[in-house]
Structures are given as structure tokens and as C-alpha cells.
Amino acid sequence: MVANLLIYGLVNSVVLMLTALGFSLTFGLSGVANFAHGGLYLLAGFLAWIFINSFGLPAALGMILAVIVVGILGALIYRFILMPVRGIVLSEVISTFAVGVAILEFFRWKGFVTYDFSLPVLVQGSVKISGVSIDYQRLLIIAIGLALALLLWFFTHHTRIGLALRGMSQDEYTALSVGIESDWAGMLSLALGAGLAGVAAVVILPLGIISINMGYDVLLIALAVTVLGGLESTTGLVVGSFFVGYAMVITSTYLGPQWGEVVYLGAIVLVLAVKPSGLFGKSKELEERV
Amino acid sequence: MLKVKNLMVFFENALAVNDLSLEVNEGEVIGVFGSNSAGKTTLLNTIAGLTRHLKYREQRKGGMRITINGEIKYAGEEISRLKPSDRVARGIVLCRERHPVLRDNTVEENLKLGGYLRKDGEIRQSISSVYELFPALQKLKARKAGMLSGGEKEMVAIGMAMIAKPKLLLMDEPLLGLSPAMQHEVVRGVKEICRLGVTILISEQYARPIMPVIDRGYVIENGTMVVSGTGAELMENPEVKSAYFGA
């Protein structure tokens with residue numbers, strides 16, 4: 001029982017982290033809360049399905065292609081929708097949310113509502129770990145999730161472009177003064193975030209069928225995890241995901257599956273009431289004292 | 001090297017810079033003196049291209065209307081339509097006021113970012129020359145920049161600008177809010193930078209500490225140039241003396 005909780009808690013936590021990674025990255029790097037996140041996630045899923053089933057592409061290729069297309073769409077969303085309203089937070093939220101809803105409802109209108117839509121798993125089979133059997137796809141999710149988190153940390157701390165994006169997110173005018181272009185940085189951070197939503201979709205969606213309402217859930221999960229951990233904080237994202245991930249598994253095991261979703265919605269409310277900057281929110285107070 | 005001619009900058013209908021002309025020759029250290037809201041920052045931001053950036057940002061979202069008129073010529077080229085990044089690439093680098101550093105990044109990451117437009121090898125070399133310029137930074141290189149004192153932040157900010165390899169370095173109130181000891185250290189840095197052959201345009205409210213390194217100076221009030229001359233000439237002007245030198 002405990003081994004089961006630990007392993008599936010880990011899977012659930014990494015799934016949550018992967019789901020929120022793109023949202024958190026975009027927010028951290030450009031300050032845009034991309035409310036189209038859920039729409040982009042589902043778009044990647046359906047695109048991969050179309051590439052594989054209608055165009056007959058090999059599964060892996062179809063998935064990679066879907067991620068790339070969604071990444072490019074992210075850049076386009078910045079260029080044509082966000083650029084004119086840049087800096088007006090409410091407009092950014094409303095316009096990206098509108099894009100997300102438009103994507104989701106487009107697929108509903110086109111009839112993507114049956115139970116026929118699912119992505120193939122990339123690796124078949126399963127293995128037993130201390131008495132708990134787990135399939136390779138879930139192990140793959142854990143591996144990809146952790147690898148991506150490390151990769152992104154490296155990217156934002158040790159590469160020129162990553163440092164430039166972080167610089168732009170902290171102080172636009174200082175970044176401009178050393179020659180970084182703000183719209184380029186914005187486009188890149190939206191593209192990266194959208195691409196990550198795509199990666200999350202193509203590795204997580206093979207676990208079940210693709211349904212449109214998932215798009216809305218994905219956005220809520222991304223919000224819950226990032227709000228809990230503290231927006232803009234990578235450590236916060238990881239801790240937030242593990243906190244919510246284990247809490248969901250524990251409550252649904254002991255109280256029943258219907259309580260799983262209450263946990264993350266409850267977490268948003270609780271964190272906002274008690275510590276609005278999140279568990280790992282930036283420690284402004286300390287710096288101001290120095 | 002830099003020729004500003006009849007520059008006017010409006011924020012809506014408020015005139016921030018009024019028909020201002022100035023000239024900076026290669027190798028000079030030029031001071032721009034004036035009180036709060038005299039237009040010093042707007043002048044430097046306009047030369048660096050930040051005002052133009054803000055103008056388009058505001059224009060896109062239908063915000064404040066900013067108008068920039070006049071000529072800014074750098075090395076014979078009209079630069080007023082260039083993006084900030086293109087101006088940095090040409091060697092015009094601004095070190096903004098209130099020592100703006102990236103507070104979540106370490107000192108070394110801040111310095112690295114200064115060389116955003118340069119090659120990795122050059123950046124490494126420049127970083128070690130910044131540590132020679134301000135030895136205090138060497139020990140602080142792994143420290144988060146947000147945790148530094150004002151003077152240390154200013155050194156990081158100047159270091160970032162130096163790593164961008166300026167030909168014309170614009171320094172906006174580098175001494176603002178610093179202790180006398182730190183002011184002394186920064187002035188020493190400015191002298192050293194000048195010795196490296198960098199042309200400097202420096203703005204200050206209170207001119208005395210920076211005076212020894214200035215070749216010529218301009219005094220501006222309400223966006224308009226009131227007096228200009230060599231350091232000694234400015235010091236002798238009684239009005240200027242009482243207003244900006246604390247006689």
C-alpha cells in the first residue's frame with residue numbers, strides 16, 4: 001500500500017509538474033500568464049493524433065511535429081495577440097484565455113468529442129517495482145519530466161539566451177540597455193512555454209483518451225501548482241507539484257477519487273489566503289532590508 | 001563622435017527635453033548637470049534608444065503619447081530611428097540610474113549578460129578586466145546581485161556596461177545614493193574607464209565629486225540648456241556654483 005502510494009504519487013506529481021512546466025516557464029520569463037495553456041496542450045494532442053492517424057506518420061515523428069507546430073503557434077500568439085496589449089495584465093489574460101477557449105471549442109465543433117481519440121504509447125509493457133506494477137509509459141513520463149526540469153534549469157542559468165530571457169523578466173530596461181530585444185524575448189518565451197505544453201500533452205495523453213474538457217483542467221492544474229509554489233519560482237513549481245501530486249493521491253486513496261480534484265482547487269484558495277506570494281515566492285522583504 | 005541637435009522630447013504635452021544640442025568628442029568625459037526632473041535621464045535614455053522603445057510600446061497599447069524630434073548623430077550616422085540593440089551594437093551603452101542590476105542573478109551572471117551581443121571568449125576576457133577595475137566584485141561574484149549594497153550594485157552595473165564594450169558610455173547619475181567612500185571608488189572607476197579610451201557622457205545632480213574627471217559640462221534646467229563650458233568655467237559661474245556645486 002505504501003509502495004503503491006509512493007510510486008503513483010511520484011507519477012502523479014511529475015504529471016502535474018510537466019503539465020504546469022510550460023505555463024510556469026512563460027510566466028517566469030515574460031510575466032505573461034498564458035491562459036491558452038490548456039488549449040495549446042489539447043491542440044498538441046489532437047494534432048499528434050491527426051498526424052499519426054490521418055497522415056500516417058510514425059508515432060514519434062507525429063508527436064515531435066505536433067510539439068513544433070504548437071511551439072510556433074505560441075510565438076504567433078505573442079506576435080499577433082499579445083504584442084498590442086503587452087503590459088496590460090488583464091488584457092493579456094483575457095486575450096490568451098480567448099485563444100485557449102477558441103481552440104478547445106473549435107475541436108468540439110469539429111466533432112472531436114467521441115472516445116476514438118487516443119495517442120499510442122511510445123513503449124509497451126510494464127515492470128514490477130517492489131511489488132507495484134507500473135507501465136513503461138509512466139516511467140517514461142517520470143524520466144522526461146525530471147530531464148526537462150533539469151534541462152530548463154540549465155538553459156535559464158547557463159546559456160546566453162536563457163540568461164537573456166531571465167534578464168528581460170527581471171528588468172526590461174536593463175536588458176534593453178545591453179542589447180536584448182524585448183519582443184524577441186517575449187516571442188521566445190511564449191514559444192518555449194507552448195512547446196512544453198505540447199511535450200506534456202504527447203507524453204501524458206497516451207495514458208487515456210483525449211477529451212476536450214481536459215484542456216480546462218490542465219489550465220486549472222497549471223494555475224494551482226504554480227500559485228502554490230510561487231509564480232516565477234522553479235523550485236516552487238517542483239515542490240508545488242509534489243505537494244499537490246501526493247495530496248491528490250493520498251486523498252483519493254483514503255477518501256475516494258472524487259476528492260482528488262478538490263485538493264488542487266482547495267490548495268489555490270488556501271495559499272492565496274495564507275501566503276499570496278506562494279511557498280517559494282520571491283523574498284522581496286529580505287532584500288529591501290539589506 | 002556624438003552630435004545631438006535641437007532634440008525635443010514630449011511626454012504627452014509635457015516637454016522633458018527642450019531644443020537641446022550638445023556635442024561629445026572622442027575621448028572626452030562630458031558632464032550633464034541638472035536638478036531632479038531637469039531632463040537628464042530622458043536625454044540619456046533618448047540617446048540610448050529607450051525612449052523610442054517606450055514610445056512604440058505606449059503607442060501600441062494606446063497609452064501615453066511620446067514625441068521625439070531632432071537629430072542624434074553618432075559617428076556621422078543618424079541613429080534616432082535605431083532600436084536600442086542596434087545602438088548597443090554600435091558601441092553606445094547606457095548604465096541606467098539607481099544601479100539597476102538583475103537582483104535574482106549572481107554578480108557573475110549579471111556581468112555575463114552585459115556581453116549579450118559579444119562572443120564567449122571576449123566576454124570571459126572582459127569579465128576579468130572588470131574584476132581588475134573593481135577588485136571588490138571578484139569576491140562577490142557568486143552573490144545574488146539583489147543582496148549587494150548600493151555601491152556594489154553600481155559597480156556591477158558599470159561592469160555590465162563595460163562588458164558590452166562601449167565606445168560611448170552613458171552614465172546616468174552613477175553616484176546617486178552612494179556613501180562618500182563608494183563615490184570615490186566609482187569616480188576612480190570612471191577615470192580608469194576614460195583611460196581605456198572610452199568616451200563618457202555622465203549625468204549628475206551634484207557635480208562636485210565628479211568634477212575632477214570632467215573635460216566639459218552642460219547644465220540643464222527644465223529640459224533646456226542654460227550653461228555650458230569647461231569644468232573650470234562652470235565652477236566659476238556663480239549661479240551654477242550655488243546650484244550644483246554646493247558652494
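Trainee: How many salt bridges does the rule find across the interface of chain A and chain B?
Mentor: Six salt bridges turn up across that interface. Keep in mind that this is a predicted model.

Trainee: Got an example? Which residue of chain B does Arg160(A) meet in a salt bridge?
Mentor: Asp120(B); the side chains of Arg160(A) and Asp120(B) come to 2.8 Å, N to O.

Trainee: And which helices of chain A supply the side that touches chain B?
Mentor: α6 (160–170), α7 (172–177), α8 (182–204) and α12 (284–289) each give at least two residues. The largest share, six residues, is from α6(A).

Trainee: What's the split by class on that side of chain A?
Mentor: It's 12 nonpolar, eight polar and 10 charged residues.

Trainee: Okay, and how much area do chain A and chain B bury between them?
Mentor: About 3000 Å², with 52% of it on carbon and sulfur atoms. In residue terms, 30 from chain A are in contact with 33 from chain B.

Trainee: Switching to pockets: what's the volume of the second largest pocket?
Mentor: About 720 Å³. The lining has 28 residues, and Asn12(A), Val15(A), Ile204(A), Ile221(A) and Met248(A) lie nearest the centre.

Trainee: Which helix gives the largest share of that lining?
Mentor: α1(A), with eight residues. Helices of chain A supplying at least two lining residues each include α9 (213–229), α10 (234–254) and α11 (260–274).

Trainee: How many of the lining residues are nonpolar, and how many charged?
Mentor: For the second largest pocket, 18 are nonpolar and three are charged, with seven polar ones besides.

Technical notes. Residues numbered from 1 in each chain as written. Chains lettered and ligands numbered in written order. Predicted model: local features only at pLDDT ≥ 70, side-chain atom pairs only at ≥ 80, totals over all residues. Heavy atoms only, no water. 1 Å grid on protein atoms, 1.4 Å probe; cavity = no way out; pocket = protein on both sides within 12 Å on 5 of 7 lines; lining within 4 Å. Points joined across faces, edges and corners; volume = space filled by probe spheres on them. Helix = DSSP H or I, 4+ residues; strand = E, 2+ residues; numbered from the N terminus. Nonpolar A, V, L, I, M, F, W, Y, C, P; charged D, E, K, R; others polar. Contact = heavy atoms within 4.5 Å. Buried area = accessible area lost by both parts, 1.4 Å probe. Salt bridge = Lys/Arg side-chain N within 4 Å of Asp/Glu carboxyl O.
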